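Q: Please take a close look at one part of this model, the stretch that leads into the last helices, and set it in the context of the rest of the chain. Which residues there are buried, and which are exposed?

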Amino acid sequence: MRAYAVEEVFAALAARLGERASRSNAVVAAHGASESYHAAHPPDIVVFPQSTEEVAGIVQICAVHGAPIVPWGAGTSLEGNASAVHGGVCIDFAQMSQVLALNAEDLDCRVQPGITRKRLNAELRDTGLFFPIDPGADASIGGMTSTRGSGTMAVRYGTMRDNVMALEVVLADGRVIRTSRRAKKSAAGYDLTRLFVGAEGTLGVITEVTLRLHPVPEAISAVVCPFGSFDGAVATAIAVTQAGIPVARIELLDEVMIRGVNAYARLGIVEAPTLFLEFHGTPAAVGEQAEAVREIAHEHGALGYDSATRTEDRNRLWTARDNTLYAGTGLRPGSEALITDVCVPVSRLAECLVATKRDIAASGLIAPIVGHVGDGNFHTLILIDPASPEEIARAQALHERMVARALELDGTSTGEHGIGTGKIEFLERELGGAVDVMRAVKRALDPQGIMNPGKIFVRA
Ligand SMILES: Cc1cc2nc3c(=O)[nH]c(=O)nc-3n(C[C@H](O)[C@H](O)[C@H](O)COP(=O)(O)OP(=O)(O)OC[C@H]3O[C@@H](n4cnc5c(N)ncnc54)[C@H](O)[C@@H]3O)c2cc1C
């Protein structure tokens with residue numbers, strides 16, 4: 001990217017936003033770092049808009065000066081998605097975090113992008129509705145939309161792709177568009193909503209999101225189910241999915257991850273490959289689902305089947321699951337995690353997971369596994385000494401083999417974290433000529449290449 005006049009851009013932004021434009025060291029540093037092992041890249045300037053009009057004004061100033069624009073939600077993404085690799089202006093949406101409209105009778109709402117999923121659910125508490133997408137971290141709706149995020153409940157409720165109905169977007173020239181209306185379905189032209197979902201801020205800046213909501217289930221129960229073998233746990237997850245049992249969550253933690261979780265959250269569960277499950281529905285339906293899964297699990301060597309119906313027990317379990325990143329790195333103090341994210345068709349999951357487990361053992365690295373196995377998606381946290389180039393190279397080679405395996409099985413390098421900077425090298429291998437079409441879309445919508453440059457492709 002060509003250099004731009006940082007001082008002039010800052011002066012123009014400060015004239016419009018006052019103290020909500022910042023160049024303080026602490027503020028820019030906080031907007032360059034992430035929880036991943038990727039290097040930090042702070043922006044030059046951070047702005048905190050309060051309205052769509054302000055965002056459009058910021059984008060126009062950046063467009064005039066050719067300044068990179070990096071949208072920022074909660075900063076929890078794991079592939080360097082929000083790092084300012086070419087500097088520029090970071091737009092932090094913390095002050096655009098309102099629920100703008102709630103249409104309970106239509107099961108939808110319209111929100112500003114900075115609201116986090118936990119705050120949204122807190123605001124929905126008395127409505128009998130909830131927003132189910134749960135990526136573990138308290139991510140923002142704008143960030144989740146832009147990474148096409150999902151998490152533990154996608155197996156039942158879908159991903160952000162399925163739960164975003166419409167968007168308001170500020171384009172790279174400052175124009176504001178709305179991609180759809182509130183009708184449950186529409187066949188009106190190209191599906192621009194889906195184009196911006198997962199675009200990682202490279203095509204435009206999202207300023208409003210219309211979301212699908214779901215009724216809070218009448219009954220919820222959770223189950224912890226350890227297995228005598230890794231293969232048994234995987235086979236159970238696949239059989240449950242193929243039988244069409246509508247589990248709300250089915251998460252696999254291998255015995256290494258369980259050791260980490262036990263130490264981190266004092267869960268005290270048996271150190272074995274384990275499925276964490278959750279069932280939603282009427283009390284009768286929940287009972288039937290739990291019973292059907294119990295039978296399948298026992299056929300595959302389950303060592304136990306412990307239910308948790310009390311809210312506090314379930315919360316403890318899922319909080320432990322949500323903290324697997326920290327539990328995993330806790331297994332090796334001082335380490336950082338190279339996080340993998342492959343996803344394969346469920347029928348190929350056993351092949352993929354068992355070969356991965358063997359590969360990890362042969363690599364000599366510690367890499368606990370945690371997976372959204374109902375979707376064929378799993379993560380390994382390859383624990384690396386950040387000061388050891390040899391170890392980093394070994395971890396990267398292991399990751400490359402995992403991606404190659406996933407692609408051979410007709411899967412993907414990333415089920416939910418996005419490409420960011422971390423998976424650019426795999427995109428071409430995965431989608432070939434389709435990447436040229438993505439580049440053409442990028443050039444059409446962002447001819448100057450100022451929208452979150454350096455992500456998804458090195459150069460558009
Ligand atoms: C402990 C932990 C567990 C996790 N588990 C999961 C998981 O299970 N599933 C999962 O999917 N993810 C998971 N993640 C990753 C992360 O939470 C998701 O990627 C999340 O969607 C990022 O949201 P965010 O608000 O933090 O976005 P950010 O990190 O702020 O940004 C992410 C991307 O979105 C862009 N962006 C942000 N706001 C906007 C906007 N308004 N307009 C346009 N672009 C925008 C950014 O530029 C960037 O490219 C986990 C992360 C952690 C730390």
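A: A residue is called exposed when its relative accessible area is over 50%, and buried when that value is under 20%. The model discussed here is predicted. With 66% relative accessibility, Asp410 therefore counts as exposed. Asp410 is placed in the loop between H15 and H16. Its phi is near 70°, a positive value in a residue other than glycine. Most residues other than glycine have a negative phi.

Beyond this loop comes helix H16, residues 424-431, whose buried residues are Ile424, Phe426 and Leu427. Viewed down the axis of H16, these buried residues fall within an arc of 145°, so they line one face of the helix. An α-helix has 3.6 residues a turn, so residues three or four places apart point the same way. The partners of the buried residues of H16 are helix H15 (389-408) and helix H17 (434-445), against which they pack. Just after H16, Gly432 adopts a positive phi of about 50°.

The segment after H17 contains Asn452. Asn452 also has a positive phi, of about 40°, although it is not a glycine. Asn452 has a relative accessible area of 2% and is therefore buried, whereas Asp410 is exposed.

Helix H15 links this part to the interior of the model. The largest nonpolar core has 47 residues, and those with the most contacts inside it are Cys225, Leu275, Leu277, Phe279 and Leu353. H15 supplies at least two residues of this core, as does each of strand S12 (219-226), helix H9 (230-242), strand S13 (249-253), strand S14 (274-281), helix H11 (283-299), helix H14 (349-363) and strand S18 (377-384). Leu275 illustrates the packing: leaving aside residues up to four places away in sequence, its contacts include Val223, Val224, Cys225, Phe227, Ala233, Ile250, Leu252 and Val373. A second, separate core of 26 residues includes Ala21, Ala56, Val59 and Phe93.

Nonpolar residues are also found on the surface. Tyr190, Leu192 and Leu195 form a nonpolar patch there, with about 330 Å² of accessible area together. Of these, Leu195 lies in helix H8, residues 192-196. Leu195 has 31% relative accessibility and so counts as partly exposed.

Methods. Residues are numbered from 1 along each chain as its sequence is written. This is a predicted model: local features need pLDDT of at least 70, side-chain atom pairs count only at pLDDT 80 or more; totals for chains, interfaces and linings use all residues. Side-chain values use heavy atoms; hydrogens and water are left out. Buried means under 20% relative accessible area, exposed over 50%, partly exposed in between (1.4 Å probe, protein chains only). Helices (H or I, at least four residues) and strands (E, at least two) are DSSP runs, numbered from the N terminus. The arc is that of the directions from the helix axis to the C-beta atoms. Contact means heavy atoms within 4.5 Å. Patches are made of residues with over 30% relative accessible area and no salt bridge: like charges are joined within 9 Å, nonpolar side chains (Val, Leu, Ile, Met, Phe, Trp, Tyr) within 5 Å. Accessible areas come from the Shrake-Rupley method with a 1.4 Å probe; for residues, only the protein chains shown count as cover. A salt bridge is a side-chain nitrogen of Lys or Arg within 4 Å of a carboxyl oxygen of Asp or Glu. A nonpolar core is a set of buried Ala, Val, Leu, Ile, Met, Phe, Trp, Tyr and Cys residues joined through side-chain atoms within 4.5 Å.
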